[in-house]
Amino acid sequence: MMWSMVPRWHKGDYKKHGLTTNNCRLESLAMSKLYGAPFKAGQRCIVLSEGFYEWQTTKVLKASDRPAFFVHMPQNEKVRMDDKTTWNLKEDGINLLKMAGLFDVWEDENGDKLYSYTVITFESNEKFSPIHHRLPAILDTEADVTAWLDYKRVGANRALNMLKPSEAIEWYPVSSLVNNSSNKSSECNKQIEPGQSQPTTPKSKLMQSWLIVKKRKFDDIDDDPK
């Protein structure tokens, strides 16, 4: 299933529908031409994630200067989200984010079907609002997950009313490495100190060592002419 809902009426290349559909706003989805039909048809889904990156937009800063954070669910005391060696997948594993979403099915001219989805968002709560004014609809309990998926028992209006900003989520600052989507290294998830923009990577350590050696060589040169 592909993230970013493809409009069911779109013709041609599914990548070229021209709409931004990664997220849908809870406030208007029921009346939306794009999201209303799948919502009324009970096409509700759960989007699982280790976490997501969010940039602080509540301060007036250039996009490149906005602090980034990794948002996740609480974990047991032995698990560090920035260290996968602590994720004991043979036992409990990690506590995943469970986000409420909608899915739809798009069909091309050959009859081939493509499933795609979108994540529901709404206004942040007081807890998260210092970071961003919007927040995904995160389901905190298994009972909430079951209710969201059970479209026959839990009708559309009741389902929308059960979506509330999560009070359980946690987050920590990460480096500016995440500003570039091509960066896929484990360094992206590393927690940094507030105000620090980028962790010291092996490459930068090597460069620092080289600069120190070069500086020493220059310092050893006697500038006093004989």
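Biologist: What counts as a salt bridge here?
Modeller: The model is predicted. Side chains of opposite charge can pair when their charged atoms come close. A side-chain nitrogen of Lys or Arg must lie near a carboxyl oxygen of Asp or Glu, and the cut-off is within 4 Å.

Biologist: How far apart, N to O, are the side chains of R153 and D150 in their salt bridge?
Modeller: The pair has to meet the cut-off of within 4 Å. R153 supplies the N and D150 the O. Their N to O distance is 3.0 Å.

Biologist: Are R153 and D150 buried or exposed, or partly exposed?
Modeller: Buried needs under 20% relative accessible area, and exposed needs over 50%. R153 has 47%. D150 has 27%. R153 is therefore partly exposed, and D150 is also partly exposed.

Biologist: Which residue of the R80 and D82 salt bridge is buried?
Modeller: The two side chains meet at 2.7 Å, N to O. R80 has 44% relative accessibility, so R80 counts as partly exposed. With a relative accessible area of 9%, the buried residue is D82.

Biologist: How many residues apart in sequence are the parts that R134 and E27 tie together?
Modeller: R134 and E27 form a salt bridge, with the closest N and O atoms 3.0 Å apart. R134 lies in strand β8 (residues 134-136), and E27 sits in the loop between β2 (23-25) and α1 (36-40). The pair therefore ties together parts whose separation in sequence is 107 residues.

Biologist: Which of the two, R134 or E27, is buried?
Modeller: Buried means under 20% relative accessible area. E27 is at 45%, so E27 counts as partly exposed. R134 is at 9%, and the buried residue is R134.

Biologist: Which residue is linked with E27 and R134 in a network of salt bridges?
Modeller: R134 and E27 form a salt bridge with each other. The network of salt bridges also takes in a further residue, E123.

Biologist: How many salt bridges are in the whole structure?
Modeller: The pairs include R80 with D82 and R153 with D150. R134 with E27 is another salt bridge. A search of the whole structure gives 6.

Biologist: Which residues are closest to the centre of the largest pocket?
Modeller: The largest pocket holds about 650 Å³ of space. Its lining has 20 residues. Closest to the centre are W3, N22, N23, F52 and V119.

Biologist: Which strands each supply at least two residues of the lining of the largest pocket, and how many lining residues are charged?
Modeller: The strands are β2, β3 (44-49), β4 (52-55), β7 (113-123) and β8. By class, the lining has 10 nonpolar and 7 polar residues. Its charged residues number 3.

Conventions
Residues are numbered from 1 along each chain as its sequence is written. This is a predicted model: local features need pLDDT of at least 70, side-chain atom pairs count only at pLDDT 80 or more; totals for chains, interfaces and linings use all residues. Side-chain values use heavy atoms; hydrogens and water are left out. Helices (H or I, at least four residues) and strands (E, at least two) are DSSP runs, numbered from the N terminus. Buried means under 20% relative accessible area, exposed over 50%, partly exposed in between (1.4 Å probe, protein chains only). On a 1 Å grid over the protein atoms alone, a cavity is a set of points where a 1.4 Å probe fits but cannot get out, and a pocket is an open set with protein on both sides within 12 Å along at least five of seven lines; lining residues have an atom within 4 Å of a point. Grid points are joined across faces, edges and corners, and a volume is the space filled by probe spheres set on the points. Ala, Val, Leu, Ile, Met, Phe, Trp, Tyr, Cys and Pro count as nonpolar, Asp, Glu, Lys and Arg as charged, and the others, Gly among them, as polar.
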